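Thank you all for coming; I would like to walk you slowly through one structure today, taking a few places in turn. Please have the picture open while I talk.

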Amino acid sequence: MRTKTILSIFGCGLLFILMGYTYSVTRLEKEEARFQKDKQIFEETHRASFDYFWELGHPVSGLTPRRSLKNKKYEIGIGASGFGIQAIIVGAHRGWVTREQVLNRLLKMTDFLENKAVRYHGVYPHLIHGKTGQLIHFGGQDGADIQETSNLMMGLLMARAYFDQDTPKEIQLREEITKLWEAVDYTVHEYQNALWWNHSYQQKENKGLKLLMKGYTESMTSYVLALGHPSKGIKKSSYRGYVEGKNFVNGKEYYGYTLDVGKPKGGPLYLAQTPFLALDPRDMEDQYTYYWKRSINHSLINWTYCSKFAPKEFQYNKEDWGLTASQTPSEDGGYNNMAGPGPKDKGVIAPSAALGVFPYVPYQSMLALRNFYENHKEGLWGEYGFKDAYSKKRDWYSDRYLGLDQGRTVIMMENYRSGLFWELSKKVPELQVALGKMGIKSPKHKNGFPLAVIEKLSKSVQLYRHPDLEKYHLDFYTDKDANISFYLKSTKAEKKLEIQSEQKFEAGLHQLQFEKDNILAGTKGILVMKMGKKEIELPVQLF
């Protein structure tokens, strides 16, 4: 009888083990299916967002409409066209269109910009007519817009770096871009150790929209180009207006994240996007901040606010998140340029906010992307991907696309995938000169994982497999040549999983990549970097 009981207990135990094994295998299969679906959604969104620029490029100028409204497609946004230049380069890089097709489109643009479009000392207005090139009045502006022009020039400089072959057409494109770029006279916009946003002989100082560009804003793009211009740049001292302006130095903590520079709680997420569509924040540190970590903190503040601290009536959560400038319901004014955590929030989510910070917080961005596609597709999705905004509170979905927002989405998703523009910007000598004048240098890292930021709610760095690599990836640093290995240690038990056996690495920044294998989504652990007898630990959660 006792023997039968033991066998029975043994049999039950074996059954439970087999059941547990089957459950794990089934769950891993579901997680792999989920990941493959996420990959498909990511690719579909990226491609559809690119189509806005490729299909809606004006038939005469090739430039980008400010909005997708059928009766307004002649309204060309100069800044949106700059983003559009980078977006169609993504198309060539991805093979969605050919290099030759993009080259021909760009030559059409540069010809129009040189020979038809209105300019003031080489600076374009906010809006022009796509056929005639003439000024279209916008928000009281009747002259040159230095920020929109800088967005255009940055796109052109990325094209000059990308099309680097010694063929007649690519040589011609580089020459035409350089001519347009060198014609921009930043000194006309230099005033009181800063830059004027707009310039017009019809507007008086301090009236209308003739604003000084001070404090942490997207105008970093303008200052970089103004300081790096080869012949018509501003004085180094004029950068003071930017860094000494309101909302530059901050230093306060929000939801556990310190924001060295920027508006309270960060403000709209385009401030973490626009300057870094080309500039590589991983390689930018000054006396004020490390711009990579500042951008991650800004993103996590935005996500944490939406997840836990926003008014309940807005119906945000960890998947319905992302606050930035976007269209709003007409009763809320139609557009909110300063949407962000706090009093400027009107309960409107903009997909470009979450999708444009993929390089900083890929897990949180993927949660949003999956949610937009699977839970809001009927109202939000169209021929060019996700429309500009939605509000659960008002049961409202935008009816349009905005060129600037579409551009940030395409470009930053590509920077996440390949770092394309971050690498191209290093090939533009004018940008490197400017960063030196601004006091921005490569950061001095410590051994370990210097680019990682711990998410405060999970108390870990949340890792999501890269959609192209299909692996987890994390940057690590060693200050000298060293033999290094990695293993994952469970937080619940002393189990160790070898991630990478010992290998010699030269001093510098490297990327660790490892497979999912049998790791279940949501698993928490300690990632250990072993250097000789020294071990550097990082809490992680794997999805």
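Let me start with asparagine 151, a residue that sits in helix α4, which covers residues 146-162. Before I go further, please keep in mind that what you see is a predicted model. Is asparagine 151 buried or exposed? Its relative accessible area is 5%, and because buried means under 20%, asparagine 151 counts as buried. If we set aside residues up to four places away in sequence, asparagine 151 touches Gly79, Gly82, Phe83, Thr221 and Thr274. We can also place asparagine 151 against proline 429: the two are separated by 278 residues in sequence, while from C-alpha to C-alpha they are 17 Å apart in space.

Now I turn to the sheets, beginning with the one formed by three strands, which is open, has the order β1-β2-β3 and is paired in the antiparallel sense. The edges are taken by β1 (75-77) and β3 (135-136), and each has a single partner strand, so one side of each is left without a neighbour in the sheet. Between β1 and β2, where β2 is residues 127-129, the antiparallel pairing extends over three bridges, and within it isoleucine 76 has isoleucine 128 of β2 as its bridge partner. If you look across this pair of strands, you will find helix α2 (residues 78-94) lying over β1 and β2, and running at about 65° to β1.

Another open sheet has five strands, and reading across it gives the order β14-β20-β19-β16-β17, with mixed pairing. Which strands stand at the edges here? They are β14 (461-463) and β17 (496-505), and since each has a single partner strand, one side of each is left without a neighbour in the sheet. From one strand to the next, the twist averages 30°. Within this sheet, β16 (residues 482-490) pairs with β17 in the antiparallel sense over seven bridges, and one residue pair you can look for is isoleucine 484 with its bridge partner in β17, glutamine 503.

As a last piece of strand pairing, please find β6 (residues 249-254) and β7 (residues 257-261), which run antiparallel and are joined by four bridges. These two strands form a hairpin with two residues between them, and in the turn tyrosine 255 has a positive phi of about 55°. Tyrosine 254 stands opposite tyrosine 257 in β7.

Let us move on to charged side chains. As a general point, side chains of opposite charge can pair when their charged atoms come close. In this model the count comes to 35 salt bridges, and I will show you some of them. Glutamate 374 and arginine 34 meet through their side chains in a salt bridge of 2.7 Å, N to O. This pair links distant parts of the chain, for glutamate 374 is in helix α10 (residues 362-375) and arginine 34 is in helix α1 (residues 2-56), 340 residues apart. Glutamate 374 is partly exposed at 39% relative accessibility, and arginine 34 is partly exposed at 25%.

A salt bridge also joins the side chains of arginine 370 and aspartate 38, again given as 2.7 Å, N to O. Arginine 370 lies in helix α10 and aspartate 38 in helix α1, so this pair ties together parts that are 332 residues apart in sequence. Both arginine 370 and aspartate 38 are buried.

Elsewhere, aspartate 280 and arginine 282 meet in a salt bridge of 2.9 Å, N to O; aspartate 280 counts as buried at 7% relative accessibility, whereas arginine 282 is partly exposed at 26%. There is also a network of salt bridges, and it links Glu43, Arg94, Glu414, Arg417 and Asp468.

I would like to finish with aspartate 388, which is found in the loop between β11 (385-386) and β12 (390-391). What is the nearest side chain of opposite charge to aspartate 388? It is arginine 408, 7.4 Å away, and aspartate 388, although buried, has no salt bridge. A polar atom of the aspartate 388 side chain does lie 2.8 Å from the backbone nitrogen of glutamine 327. Leaving out residues up to four places away in sequence, the residues that aspartate 388 touches include Ser326, Gln327, Ile349, Arg400 and Asp405.

Note on methods:
Residues are numbered from 1 along each chain as its sequence is written. This is a predicted model: local features need pLDDT of at least 70, side-chain atom pairs count only at pLDDT 80 or more; totals for chains, interfaces and linings use all residues. Side-chain values use heavy atoms; hydrogens and water are left out. Buried means under 20% relative accessible area, exposed over 50%, partly exposed in between (1.4 Å probe, protein chains only). Lys and Arg count as positive and Asp and Glu as negative; His and the chain ends are not counted. A salt bridge is a side-chain nitrogen of Lys or Arg within 4 Å of a carboxyl oxygen of Asp or Glu. A polar contact is a pair of N or O atoms within 3.5 Å; within protein, one must be able to donate a hydrogen and the other to accept it, and residues adjacent in sequence count only if both atoms are side-chain atoms. Contact means heavy atoms within 4.5 Å. Two strands pair if DSSP finds at least two bridges between them. Axes are lines fitted to C-alpha atoms, for helices over the stretch in contact, and angles run from 0 to 180 degrees between N-to-C directions.
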